[in-house]
Every structure is written in structure tokens, then in C-alpha cells.
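Student: I would like a close look at one part of this model. Pick a single element, go through its neighbours, and then place it in the fold.

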Amino acid sequence: MGEAGPVAERRDRMLAGLTLVATAGLVLALPFALKSGAEFFLPLTVALVIAIALVPVLEWLERRRVPSALAAILCLLVFIVAANVAVAAILVPATDFFRLLPSRIDRIQSNLAPLLDLYSNLEKYVNRTLRTVADTPIRRTPNAAVSPPSSFLELAATSAPAVIVQVLFGVLVIFFFLSGWTRMRKRTIAGRTSFDGAMATARVIQDVVDDVSAYLGTITVINLLLGAIVAGALYLLGMPYPVMWGGIVALFNYVPYFGPVVAAFLLAIGGLMTFADIWTALLPPAMMYGCHLIEANAVTPFVVGHRLTISPLLILVSLSFWGWVWGTAGALLAVPLLIIIQTVLNAAGKPDIAGFLFERGTLVRPVRERRRWPFGGAEESGAGNG
């Protein structure tokens, strides 16, 4: 009987260690699985995030006696219309505008002539240095020739069907998720074996829905206002397609840190294509980035508040991770996924890995106490780990 306690403790710690190792292996393998299976996981994740953001609208309709299926269809139609309006406002004018890029190369070169001269002189200096250091010419490895599609039909036959299938899959996931949301939530909460477990589950579900919908709704309103302000300022500057540029700024502003830089770069290209003076051409990106700095440092922290405040380091890590896994779409999903993961971990509890390894784990040998027997003598006691 005396050995039952130490044996049980060793068994529990061994099971905990195996669980820790299995979890670490799963975490290390998950990114590669997500990356290789992007055709399935990306539209599924996008659909789930959109569906979670639409849950408050669904619940508002259901409280007004609208059937779940009809409410889900209405939410889906509202999202599809909004997405199509956004795409039409950005994609169609952008295609027409950037189609003029080859004919505007001369204007861009004349605007950038001082910078091009500086770059040319720097390139000549670097080439002279390399010729001095290198004795033999560098052999270039031949690149494999990749034949581009010869027609639009060939391009559509190779890429469009996959995109259509992914979009249709995402739309169906959103519909079935919303139509069964109320029933699924009740079943999940009722399936808990204790009242405390049911309350904890309900709290986690509600927190995830509230945080994701609050973040996406608030950021969407802020980005739309930012895009409208930038579009108005560009209209006053005489920039063509100001609504398109406002939509581009609003879209890229969903990606923290990197998105506004890309939007400013695109605006710089557009300004160099439009205006003959380099200072006038650089005024649109400077104005846009000034508006972004005001929004990011004053407006968004005041509106969002402390509830949805996330560590900048976590945002940067999430952007790098999801951008590596899924590219631009992953960067757009980085913050909503970070909010979902953080909300679930805060409710479920974070594993104390450092405490397991260094405080009471197998890496530290516990101090053995000397236990006195009533008839003299002593015996070392303590839960030994080896």
C-alpha cells in the first residue's frame, strides 16, 4: 500500500509526458498539413470565420421569429452582395487602370530619373567591384521553360474550376453552419455532464462569437471610413478612380503592419503613372499613410478598447505564420484566428509546460527527507523520479 502513491504519481507523470510529446508532434506537423491541404482547409477556415462573424445577425433575425434556414439565407445573401459590390468597386477599375501601365512607363521613368541615376551609378560601382573580386564569370543555371496558357479558355480550364468549387464549398459551409447554429449550440451545452461544464462551454462559445464579430464589425467600419476619407482626398487631388483606391486602402488595412505599406506602394505607382511631378505623385501615398497612422494610433485603440487588445508580438507571429501557410488569405485571417485561439485558451486554461519540465518534472530530483522511525534509525523518503 505504501508504494501505491509513488507508483500512481509516476504513472500520471508518464502519461502527462506522453501527452506533452504527442501534442508537440501534432503542433509541429499541423502547419505542414494546413499548407499542403490549402485547397480544403483555406476555404473551410474562411467560411467558418465569416459564419462566426454573421452569427449575431442570425440571432437577431431568429429573435424576430425568422426560421433558422431563412435567416441563414438572408445572412448569406447580405454577405454575397457586399462582397460582390466590394470586388466590383476594386477589381474592375483596377484592371482598367493598371492596363495603362505599359503606356505610362515613360512618365514613371521621368519622375524617377534622379533615383534611377543614383541606382545606375551604384550598380556600375557594384559591377566594377565584382569584376575586380571575381576571376571567372558566374555560370547561370538554365531555367526550365514553363509555357503559359495560350488562351483564356485554357487558363479558365486549368484554374477557374478549382476556384469555383472552393467558393461553392465555402458558401455551403456558411449556410449549413448558420442554419444549424442554434441547434448545434444547444446540443453542445446540453451534452455536458455537469452544470459548471455546461456554463463554461456556453461562455466559451459566446465569447468567441462576441469577440470575433465585434472585432470584424468594428474594424470593417473603421476601414470603410478610412477608405472613404482617402477616396475623398484623392478626388480633390485629381487622382483617377478614387473609389477604387479607397477600396484598396480599406482592404489592405485588414492586414496589420504590412497591409498599409503595400497600399502606400500601390498608391505611389498610381501617382507616378498619373502626375508629371514626382512630389505631386508621392503626395497620395504620404497622405494615405498619414491617415493610417492617425487611425492606428488614435481611432482604433479608442474604439476597440482594452477587451480586444492583443499583444503586437502575437499579431506579428500570427501574421508570419498564417501568411507562410496560406499567403495573402492567411494574412487576412491572422487576427481573427488569433482572437479565436486566444479566447479558447483563456477559457480552457493554458498548459504549464515550464512548470511541468522544471518545477516538479523529471529534470529536477526532489530533495529527500529523512523520516525518523519510533524505534530509532532513519529512512529516506520522498517521491523519487529516478
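Tutor: Start with a cut-off: two helices count as roughly antiparallel when the angle between their N-to-C directions is over 145 degrees. The model is predicted, so the angles and contacts below belong to a prediction.

Take helix H8, residues 195-237. Its partner here is helix H12, residues 283-304. Their axes come within 10 Å and cross at roughly 155°. That is past the cut-off, so H8 and H12 are roughly antiparallel. The crossing is right-handed. On the H8 side, the contact uses Thr218, Ile219, Ile222, Leu226, Ile229, Val230, Ala233, Leu234 and Leu237. H12 answers with Leu283, Pro284, Met287, Met288, Cys291, His292, Glu295, Thr300, Val303 and Val304. By type, the residues of this contact divide into 15 nonpolar, 3 polar and 1 charged.

Now look at a polar side chain of the helix. Asparagine 223 sits in H8. Is Asn223 buried or exposed? Its relative accessible area is 2%, so Asn223 is buried. Leaving aside residues up to four places away in sequence, Asn223 touches Ala250, Asn253 and Tyr254. Ala250 falls within H9, which spans residues 242-252.

Next, a second partner of H8. How do H2 and H8 lie to each other? The axes of H2 and H8 come within 8 Å and cross at roughly 95°. H2 and H8 are therefore roughly perpendicular. H2 brings Val49, Ile52, Ala53, Val55 and Pro56 to this contact, and H8 brings Val208, Val209, Val212, Ser213 and Leu216. The tally is 9 nonpolar, 1 polar and no charged.

Follow the chain past the end of H8. Tyrosine 241 lies in the loop between H8 and H9. Its phi is near 55°, a positive value in a residue other than glycine. Most residues other than glycine have a negative phi. With 34% relative accessibility, Tyr241 counts as partly exposed.

Beyond that loop, H9 (residues 242-252) packs on H10 (residues 258-274). The angle is about 160°, and the axes are 8 Å apart. H9 and H10 are therefore roughly antiparallel. H9 passes H10 in a right-handed crossing. From H9 come Trp245, Ile248, Val249 and Phe252. From H10 come Gly259, Pro260, Val262, Ala263, Leu266, Leu267 and Gly270. These residues divide into 9 nonpolar, 2 polar and no charged.

Where does H8 fit in the interior? The largest nonpolar core has 44 residues, and Ile174, Leu178 and Trp326 touch the most other members. H8 supplies at least two residues of this core, as do H2 (38-62), H3 (68-98), H6 (152-179) and H13 (312-348). H13 gives the most, with 13 residues. Leu178 shows the packing in detail. Not counting residues up to four places away in sequence, Leu178 touches Ala51, Leu54, Val55, Leu58, Ala72 and Cys75. There is also a second, separate core of 21 residues, including Val230, Met244, Leu267 and Ile278.

These members tie back to the contacts above. Val55 touches Leu178 and also belongs to the contact of H2 with H8. Val230 is part of the second core and meets H12 from H8. Leu267 is another member of that core, and it takes part in the contact of H10 with H9.

Look at the two loops flanking H2 as well. Glycine 37 is in the loop between H1 (4-36) and H2. At 17% relative accessibility, Gly37 counts as buried. Gly37 and Val325 are 288 residues apart in sequence, yet 9.9 Å apart in space, C-alpha to C-alpha. Arginine 65 is in the loop between H2 and H3. Arg65 has a positive phi of about 70° although it is not a glycine. With a relative accessible area of 77%, Arg65 is exposed.

Last, step back to the whole protein. It has 14 helices and 2 strands. Of its 386 residues, 29% count as buried. Among contacts between residues at least 6 apart in sequence, 68% join residues at least 24 apart.

Key
Residues are numbered from 1 along each chain as its sequence is written. This is a predicted model: local features need pLDDT of at least 70, side-chain atom pairs count only at pLDDT 80 or more; totals for chains, interfaces and linings use all residues. Side-chain values use heavy atoms; hydrogens and water are left out. Axes are lines fitted to C-alpha atoms, for helices over the stretch in contact, and angles run from 0 to 180 degrees between N-to-C directions. Helices (H or I, at least four residues) and strands (E, at least two) are DSSP runs, numbered from the N terminus. Angles under 35 degrees count as roughly parallel, over 145 as roughly antiparallel, 65 to 115 as roughly perpendicular and the rest as oblique. A crossing is left-handed if the near helix is turned anticlockwise from the far one by less than a right angle, and right-handed if clockwise. Contact means heavy atoms within 4.5 Å. Ala, Val, Leu, Ile, Met, Phe, Trp, Tyr, Cys and Pro count as nonpolar, Asp, Glu, Lys and Arg as charged, and the others, Gly among them, as polar. A nonpolar core is a set of buried Ala, Val, Leu, Ile, Met, Phe, Trp, Tyr and Cys residues joined through side-chain atoms within 4.5 Å. Buried means under 20% relative accessible area, exposed over 50%, partly exposed in between (1.4 Å probe, protein chains only).
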